[in-house]
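I opened a new page for this model and wrote down what I looked up, in the order I looked.

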Amino acid sequence: MAVTKVEKSEEEWRAILSPEQFRILREKGTELKGTGEYNKFFGEGIYNCAGCDTPLYKSTTKFDSGCGWPAFFEGLPGTINRSPDPDGRRTEITCAACGGHLGHVFKGEGFKTPTDERHCVNSVSVKFNTSASL
């Protein structure tokens with residue numbers, strides 16, 4: 001899936017994002033464990049980036065990992081970038097279109113998913129869309 005790059009200044013991001021969205025998407029923050037609106041939500045649809053509306057995850061890839069944040073076993077092809085955290089202990093995931101911080105990806109935790117990966121995503125970083133289909 002090809003994504004269209006979205007570039008905005010810090011002021012433009014502040015104008016369109018809530019303070020909490022800005023803190024997480026642009027400053028790489030984390031919402032408190034168990035507080036996100038999508039943690040225990042399992043509706044059918046697509047999760048889009050809250051910053052630029054790029055489709056990121058199908059609801060069919062979401063699972064209950066018990067970690068306190070929404071968990072997905074894979075993103076839509078080409079929509080999510082991975083990069084090691086500065087300390088090298090975790091791998092950050094960001095929106096390929098706007099660079100917004102989504103969370104982190106973990107491998108080899110033993111979840112019964114097709115990829116053996118857990119994309120641990122901040123609810124604030126995504127928006128659920130029931131009308132979207134891919």
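The entries below go from the annotation to the core, the strands, the rings and one helix.

**Entry 1: model and annotation.** I noted at the start that this is a predicted model. I then checked UniProt, where an unreviewed entry places the feature "domain: MsrB" at residues 10-131. Over that range I read 12% helix and 31% strand for the chain. The C-alpha atoms at the two ends of the range are 30 Å apart.

**Entry 2: nonpolar core.** I asked which residues have the most contacts inside the largest nonpolar core. They are Tyr47, Leu56, Tyr57, Ile93, Cys95, Leu102 and Val121, in a core of 22 residues. I also looked up the elements that each supply at least two residues of this core: α2 (19-26), β1 (46-49), β2 (55-58), β6 (91-95), β7 (101-107) and β9 (126-129).

**Entry 3: the three-stranded sheet.** I traced an open sheet with the strand order β2-β1-β9 and antiparallel pairing. β2 and β9 are the edge strands with a single partner each, so each has one side without a neighbour in the sheet. Neighbouring strands here are turned by 30 degrees against each other on average, direction ignored. For the pair β1 and β9 I found four bridges in the antiparallel sense. One residue I followed across was Cys49, whose bridge partner in β9 is Val126.

**Entry 4: the β5-β6 hairpin.** Next I looked at β5 (residues 80-84), which runs antiparallel to β6 and is joined to β6 by five bridges. Asn81 has Thr94 in β6 as its bridge partner. The two strands, β5 and β6, form a hairpin with six residues between them. In the turn, Gly88 has a positive phi of about 80 degrees.

**Entry 5: aromatic rings.** I counted eight aromatic pairs. The pair I examined is Tyr57 with Phe72, which is stacked, at 4.1 Å centre to centre with 15 degrees between the planes. Tyr57 is in β2 and Phe72 in β4 (residues 71-72), so this pair ties together parts 15 residues apart in sequence. Are these two residues buried or exposed? Tyr57 is buried at a relative accessible area of 0%, and Phe72 is likewise buried at 0%. I then followed the ring pairs outward and found a cluster of Tyr38, Phe41, Tyr47, Tyr57, Phe72 and Phe128.

**Entry 6: contacts of Tyr57.** I listed what Tyr57 touches, leaving out residues up to four places away in sequence. Among them are Ile46, Tyr47, Phe72, Ile80, Ile93, Leu102 and Val121. Glu74 and His119 are also on the list.

**Entry 7: helix α2.** The buried residues of α2 are Gln21, Phe22, Ile24 and Leu25. What do they pack against? I found α1 (10-16) and β7. I picked Phe22 for a closer look, and this residue is buried because its relative accessibility of 6% falls under the 20% cut-off. Apart from neighbours within four places in sequence, Phe22 is in contact with Glu10, Trp13, Arg14, Leu17 and Glu27. I also took the C-alpha separation from Phe22 to Cys95, which is 14 Å for two residues 73 apart along the chain. Just after α2, I noted that Lys28 takes a positive phi of about 60 degrees.

Note on methods. Residues numbered from 1 in each chain as written. Predicted model: local features only at pLDDT ≥ 70, side-chain atom pairs only at ≥ 80, totals over all residues. Heavy atoms only, no water. UniProt positions renumbered as here; feature names shortened; annotations may be inferred. Core = buried A, V, L, I, M, F, W, Y, C linked by side-chain atoms within 4.5 Å. Buried < 20%, exposed > 50% of the residue type's maximum accessible area, 1.4 Å probe, protein only. Contact = heavy atoms within 4.5 Å. Pairing = 2+ DSSP bridges. Axes fitted to C-alpha atoms, helices over the stretch in contact; angles between N-to-C directions. Phe/Tyr/Trp six-rings, centres within 6.5 Å; stacked < 30°, edge-to-face > 60°.
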